[in-house]
Structure formats: structure tokens, C-alpha cells
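Here are my notes on this one, jotted down while going through it. Have a look at the structure first, then read on.

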Amino acid sequence: MELLANLGDGFAIALSWQNIGLALLGCFLGTIMGALPGLGPSNGVAILIPLAFTLGLGATPSLILLTSVYYGAMYGGRISSILLNIPGDEPAMMTCLDGHPMAKKGLAGEALSLSGIASFVGAFLATWGLILLAPQLVKIALLFGPAEYFALFALAFMTLGGVSSTNQAKSAFAAALGLGLATIGVDTQTGVPRFTFGEVHLYDGLDFLVAIVGLFALSEVFIFLETRHGGSDAAGRKLTIGKLYPPVSMIRQTTPTMLRTSFLGFIAGVLPGAGASLGSFISYSMEKKLVDKEGTFGTGDPRGVAAPEAGNNAAAGGALVPMLALGVPGSGTTAVLLAVLLALNITPGPLLFSQNPDVVWGLIAALFIANFMLLAMNIPMVGLFTRVLMIPSRILMPIVAMVSFVGIYGISGSTFDLLVMIGFGVMGWVLRKLDVPLVPIILGTLLGNAMENNLRRAVTIDNGNWWTLIDSPLAIALWAIAIIGFVLPLIVGARVKAKMHQRRDEEGAISD
Amino acid sequence: MSDRIFGVFGIILAAGYVIAALAIEESFLSDAVGPKAFPLIIAAILALSGAVIALRPDPEPHWPALARLAEVAAAVVVLILYAEMLPVAGFVIATAFAAAYLAWRLGSGPLETVAVGAGTSIGIYVTFHLILGLSLAKGPLGF
């Protein structure tokens, strides 16, 4: 049992005091970030990356901290969905539908603990899915040459727009913008400077961490300033929780739902271009079709709470599979997590599993540990997090802005990077107004160089023959999926997307 | 209308990108593809998507009133000043002012404004500098 041996090694790494402490800190911060409307998994992780980086944490500890934040945010999002009918982050949107009616019926405590259990089931099963599926995907990825990798990157960009935006042209624009930003700097193959306009600071290229923090965190601050949304969403409302443990009959009633939607959510997470939001959306829709015989969904049906929560947490785990095994993230937050790996000079993908097994298995073990921590935090201690909802954003947002500056200043200590970050913040704000998704931009700046290098390697190996890009069956298959992934949403996706993005506001641009 | 302007801007951006790409000096030791090809492909996608956005615009986004727009612009100016002043004034002082400004503009009262400014700045200084050892900008006063 090689798998169990690997997992055992992973636990040996994850069970150091430092790593347990980081997982605990990550779970705690993640739950808070998920719970607070306005801070979601992607901007939460974005703010913390430069800090993890400048504090000199190693690869495994950084990843443990940040994936704990990611998992934590997935748990935390439901709290404000249920209590306030305002999703704490995008994936928690579907939880409002039945969670808030349950709270209105005086079952807030039951809804919170049930959704906590559902989150746990989803995340737990998805972590097993990750263990079983990722090594298989690695075996396929080992067959990839440069042409296949180029096709794979194209696939990631073309499918990412499928669900992350309501307008394919805008996601294509965003991807091209990100790739264009990545070409700034000295060309890695021939050493000539490109698009630097003589600015020495640009020779290294733009630091993608600066772009991420500016686009995700700082633009959020501008949105709050613009709407002058300084209060707390919970102000003036009584947050009563009541009984914290659901009756056994309720758990028994929802168990099949949890198991089904965990599976579905996991698949949705693994698929390129989908993320936790889609995971919770299709989980809820499927359960509604499948078990809602009496039409109780939407009126506080416990199954309607369990389905999206199990779905989005399973999707969060599933989204880690392509990120770790192929180096191509399928969702917003995993794109940000990819930045962590790249910042630490670790190339994700098949080689990660053979060259840095300690990172992979340490991370997986830490996910199991984090999951139990989150279950403990989110059921008995959920009262603590509901109090966080009372913090008004006029206090929170200055802190978010300043911590972003500290992180970026810590990386390079240069004012230039801070100015670039402010520039990205403004750009992020305008693009969010225009409903242009930000995730493809990030993915473009992250993957741009790798994509170009693979293209040039493939064509150079074949003596300048561009047809080499579609020369193997594998490459053709990848291109076919990419094209279907891009075209299909144009035909059938409009309806699904319209439903998913009913809250057609700026939040949609950083959907996960 | 916003989308039409945005789309046209995208096309202009793509054109500028093409001009800058064509101006790249090629090294005599180039590979078969060269440093220009990939940027040109991207420019094509950029221009194409810009054109589609301009021709098939989405419904108008909700733009804020001029006063709110000025609010965002003022915040940008303050943050730029903050970035410039950081090495001059030192982390604690600059951050206290910037955080207080943001809190004030988000609707804090006078007392809360001062508390948020001082609290954020000292809190970050203690956590990140004193406890975690991150190096922050040093001003003339040493903090």
C-alpha cells in the first residue's frame, strides 16, 4: 500500500507543532474571512500569500496555512448566508435559499450545525478523492509534451470563462490581458527585454503577487468606499442561534443528500473552469430535482442546506486536483494558491509528486487535520464567528488595505511595487464594475510564461512547424475539449449562468 | 455605452501592444518562434474580444454618482501618497494616517477614526515587526 505509506509520511510532516499551529491559524482566519461578506476565499488567500512569503515560511508550511484558509472560508461562508441571508462568499450563495428560512423558523443553530457537518462530509470525501485521483492524473500528465501542455493551458483559459463570467468575450479579454501582462520583462528564451519601456523595475516582469493583491484585495476596499458601505450587515439584527445540535433524525434524513452532493461537487471541482460556486449550484439543483417531492426546498428544508454546503466543500477539494497534478487551476482560489507554489519556486504538475512528495503528502495530511479542526470550530464555537459578523466594515477595510500594503512592501521593500499594486487595485475596481472576471487575468499572469515557453519549445523542436501543436491525439483531444468548453456555455450556459449570477454585482467578477 | 468604450479601448490597447511587440529587438540567437509571435497572438485575441464587447455590449453597469467617484479617486491619491511617504515618515506614522483616512471616509466618527488609525498601525507593527520579525519601513524616528 504505497498510498497509505505516503499518507503516513505526510502525517509525520503535518504533525509538527509549527504545522499544526499554522493549520489552526489558517482555519480560524479562513472561517472569519469566509463569514465576512466582502472577504472571500480568493481575496483572503491573496492577502496572506505575501505575508507567508516574507515571513520565510517553507513550501509545506505556507501551503498548509493557505489551504487551511481556503477550506476555512468554504466553511465560514455559510454563517452569514444562514443568519443574514447575505452570502459570506460566492459559493455560499445557494445556502441562503434554505438556510435563511430555517433560521427564520428559529432553527438557526440546527442549520449552522447541519451545514457544518455537511461541509465536513464534503471536504472529507473530497480529500480522499484528491488522494485517489491526483496520482492517476499525474500518470496521464507524464505523457504530455510541450504541445500538449500548450493545449492544456489554452483549455484552462477557454473553460475558465465558461462559468466565471456571463460574457465569454469579456473572459477572453481578461485572459488576453493577463497573458499580455505576463510577457512584460526580459524574454526568458532569448534575453531581450519586452514591453519594459526602459523601466528597470519591469525587467524582472511584474510580480504576480502584486497583481493578485491589488486586483483582489485593494479593489474590494474601493468598492466599499464607493458604496460607502461602512456599517456591519448584522447591525440592528438579533443573531439568535438557539440549539446547536441537530436531531439525529435530521442527520439521517440528510445523509444520502450529503453523500450524493459530495460526489457531484467533487466532480464539478475537478473539471476545468468550474469551481466551488458551480459545485454548490449544481448540487442544490440536482437535489431539488431528485428529492424535493413536496416542494419544500426554498422554505427551510434541511436537505437544501446540506446539499450546497457538501457540494461546495467537495468542489473546493476537487479543485485542488488539477492544480496539484497538472499545474492548471480550475477555479479562482486555486489560481491564487498556484501563485504560492510559483512564488516558492515549486513547479506544480506531475514532477511535484515525484520531486516534492513531502509537499504533496504533507499538504494532504494537513487537509485532513484542518478538516477536523474546522468541524470543531464550526459547531461548538460557531457563536464566536457570528460575533465577527458584527464588525463594521469601516473598521475592517482599513485593516485589510494596510495588511495588503505590508505584505507587498515586505516582499521587495520598494515603493514602485506599491504603486503598481494601487494601479492594479484601480484596474480591478473598473473591471469589476464592467463585469469582467478577474480570475483569468490572474491565471494569465501566472501561466503566461509557462504557456509561451511550451509553445516555443514545441515549435522549435519541430523545426518551426506550427502544425506540431495539433499533431498528437492527446493534443487534439485537449483542443477539442477546450473548444467545446468555450462554445458550449454560449449555447446552453446562458440560463445556468443567469441563475448563478443573480446577484449581478461586483462580487460576480471574483467568483470562485 | 460603457461596454462600447471599453471594447474600443481594448482594440486600442491591442494596437499599442502590437506596435510595442513589433519594436522588440530580436536577438541574433533566436529560436524558431522568436519573442514576438506569442505577444502578437495575444494582441489578436485582445482585439477580437474588444471588438465583440463593443459590438454586443452588456447592459449598462451601475456607475456611482460623481461624488462617490471623487471618493474613490481621493482614496487612490491618499494611497499613492502613503506609498511615497512610507520610506520618509516611517511605517507607524504613515500607516496610522492612511488607515484613519480610510476609516473616516467609510463613516467612522472622530474618536473611532483615531482609534482605527492608531490601532491598525500599532497592531500591525507589533504583530508583524516585533513578533514575526518582518522588516517594515523605518522612518526618522526608527519606526
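**Notes on chain B and its contact with chain A**

1. Going along the sequence, chain B reads α-α-α-α-α. In other words, chain B has five helices and zero strands. Keep in mind throughout that this is a predicted model.

2. How spread out is chain B next to a compact globule? For 143 residues the globule rule gives 15 Å, but the radius of gyration of chain B is 23 Å, well over that value, so chain B is more spread out than a compact globule. As for the outline, the C-alpha atoms of chain B fill a box of roughly 60 × 50 × 25 Å along the principal axes.

3. On burial, 34% of the 143 residues in chain B count as buried. If you take the contacts in chain B with a separation of 6 or more, 59% of them are between residues 24 or more positions apart.

4. Now the contact between the chains: chain A puts in 53 residues and chain B puts in 57 residues. On the chain A side, at least two residues each come from helix 7 (168-182), helix 8 (208-227), helix 16 (393-412), helix 17 (415-433) and helix 18 (439-461) of chain A. Helix 16 of chain A gives the largest share of that side, with 12 residues.

5. What classes of residue make up the side of chain A that touches chain B? The split there is 29 nonpolar, 14 polar and 10 charged residues.

Technical notes:
Residues numbered from 1 in each chain as written. Chains lettered and ligands numbered in written order. Predicted model: local features only at pLDDT ≥ 70, side-chain atom pairs only at ≥ 80, totals over all residues. Contact = placed C-beta atoms within 7 Å. Helix = DSSP H or I, 4+ residues; strand = E, 2+ residues; numbered from the N terminus. Nonpolar A, V, L, I, M, F, W, Y, C, P; charged D, E, K, R; others polar. Rg over C-alpha atoms; globule rule 2.2 N^0.38 Å. Buried ≥ 20, exposed ≤ 12 C-beta atoms within 10 Å, placed from the backbone.
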